[in-house]
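Reader: I should like to understand how the terms used for a protein model are justified. Could the reasoning be set out step by step?

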Amino acid sequence: MSARTVDWTALRRREGEPATEGLRERKKRLLRQRLSDTATEMFMDRGFDAVRVSEIADACGVSAKTVFNYFPTKESLVLDLGETTLNSLRTTLADPDLSPVEAVLEILSGQLEALTSWLAAQDDWSQAKAVLLRFGMLIRSTQSLRAYQRDMTDQQIAAAAEVLARRAEMSPSDPEPQIAAGALLALWPIQFQALRRHLHCAQTPEELHHRVTADVQRAAHLIDTGLHVLAPTRRNS
């Protein structure tokens, strides 16, 4: 297995074809996915800094301007999961039938399921794990990608604080939604770290899923013990 055999779209996000999608929307979605997947392949092969956006555009038969119409930065070509997470936080976290922790666990579970399902579909478990580890190394070893991740996390925390504040009838600037949002978003690095750690010892995708989920739920339980106080009755007049 090489980087060019990897379905990066399936690996990084859950994005099925919408039931009411028109032809124009489908073409735009598929081009966006092709740009992201092609860029990821090239970054994995040659390194992030060695690949120009114009080369990605040429490989996909479009202009560099078209690439930037779909992705505002070079970094977002490979870290597009951040935008998906941001949108999911705005919708799932606002669900009144879910507690904040339940909502975040639902998002994380979907992302983990996408990854382990991709692993389960591969012919060679060891090589598939090696590809994931290389992908993680690409991000950790590239300063601009790490900086982009930090900026995206700040946006996600701000969005989560806004939703939590509405739920609790507070202001987003109040300390409770601020600290709650930061704590909830801290579950993402917990999941990433658990993936990296357990990839080395897990024997099957199912075992990997179980181990990572257990770690995330342990951390979520710790957060949940404090978030129950975030309710409208706690509002100060």
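Author: Let us begin with a definition: contact means heavy atoms within 4.5 Å. The model discussed here is predicted.

Reader: Which residues of α5 and α8 meet under that definition?

Author: On the side of α5, they are Gly-82, Glu-83, Thr-85, Leu-86, Leu-89 and Arg-90. On the side of α8, they are Met-152, Gln-155, Gln-156, Ala-159 and Val-163. By class, the residues of this contact divide into five nonpolar, four polar and two charged.

Reader: Why are α5 and α8 called roughly parallel?

Author: The axes of helix α5 (residues 81-92) and helix α8 (residues 143-168) cross at roughly 5°. Angles under 35 degrees count as roughly parallel, and α5 and α8 are therefore described in that way. Their axes come within 9 Å.

Reader: How do you know whether Gln-156 is buried or exposed?

Author: Gln-156, in helix α8, has a relative accessible area of 7%. Buried means under 20% relative accessible area, so Gln-156 is buried. Leaving aside neighbours within four places in sequence, Gln-156 is in contact with Gly-82, Thr-85, Leu-86, Leu-89 and Leu-185.

Reader: What makes Thr-91 count as buried or exposed?

Author: Thr-91 has its place in helix α5. The cut-off for exposed is over 50%; at 54% relative accessibility, Thr-91 therefore counts as exposed. The C-alpha atoms of Thr-91 and Ala-160 are separated by 9.9 Å, although these residues are 69 apart along the chain.

Reader: How is Glu-169 classified, and what value decides this?

Author: Glu-169 has a relative accessible area of 45%. Partly exposed covers the values between the cut-offs for buried and exposed, so Glu-169 is partly exposed. Glu-169 is found in the loop between α8 and α9 (175-185).

Reader: What is the phi of Glu-169?

Author: Its phi is near 55°, a positive value in a residue other than glycine. Most residues other than glycine have a negative phi.

Reader: Are Pro-177 and Glu-41 counted as buried or exposed, and why?

Author: Pro-177, in helix α9, counts as buried because its relative accessibility is 0%. Glu-41 lies in helix α2 (residues 23-46). At 14% relative accessibility, Glu-41 also falls under the cut-off of 20% and therefore counts as buried.

Reader: Which residues do the C-alpha distances pair with Pro-177 and Glu-41?

Author: Pro-177 is paired with Leu-164: they are 13 residues apart in sequence and 5.6 Å apart in space, C-alpha to C-alpha. Glu-41 is paired with Ile-56, with their positions 15 residues apart in sequence and 9.8 Å from C-alpha to C-alpha.

Reader: What makes α9 and α10 roughly parallel?

Author: The axes of α9 and α10 cross at roughly 10° and come within 4 Å. An angle of roughly 10° is under 35 degrees, and the two helices are therefore roughly parallel to each other. The contact is made by Ala-183, Leu-184 and Leu-185 of α9 and Leu-187, Trp-188 and Pro-189 of α10.

Reader: How do the residues of the contact of α9 with α10 divide by class?

Author: They divide into six nonpolar, no polar and no charged. Ala, Leu, Trp and Pro are among the residue types that count as nonpolar.

Reader: What is the volume of the largest pocket, and which residues lie nearest its centre?

Author: The volume of the largest pocket is about 1,000 Å³. Its lining consists of 33 residues, and Phe-135, Ile-139, Gln-149, Trp-188 and Phe-192 lie nearest the centre. By class, the lining has 18 nonpolar, nine polar and six charged residues.

Reader: Which helices supply the lining of the largest pocket?

Author: At least two residues each come from α1 (8-12), α5, α6 (100-120), α7 (125-140), α8 and α10 (187-199). The helix that gives the most is α10, with eight residues.

Reader: How many helices and strands does the protein have, and what share of its residues is buried?

Author: The secondary structure comes to 11 helices and zero strands. Of the 237 residues in the protein, 45% are buried.

Reader: Among contacts between residues at least 6 apart in sequence, what share joins residues at least 24 apart?

Author: The share of such contacts in the protein is 69%.

Methods:
Residues are numbered from 1 along each chain as its sequence is written. This is a predicted model: local features need pLDDT of at least 70, side-chain atom pairs count only at pLDDT 80 or more; totals for chains, interfaces and linings use all residues. Side-chain values use heavy atoms; hydrogens and water are left out. Axes are lines fitted to C-alpha atoms, for helices over the stretch in contact, and angles run from 0 to 180 degrees between N-to-C directions. Angles under 35 degrees count as roughly parallel, over 145 as roughly antiparallel, 65 to 115 as roughly perpendicular and the rest as oblique. Buried means under 20% relative accessible area, exposed over 50%, partly exposed in between (1.4 Å probe, protein chains only). On a 1 Å grid over the protein atoms alone, a cavity is a set of points where a 1.4 Å probe fits but cannot get out, and a pocket is an open set with protein on both sides within 12 Å along at least five of seven lines; lining residues have an atom within 4 Å of a point. Grid points are joined across faces, edges and corners, and a volume is the space filled by probe spheres set on the points.
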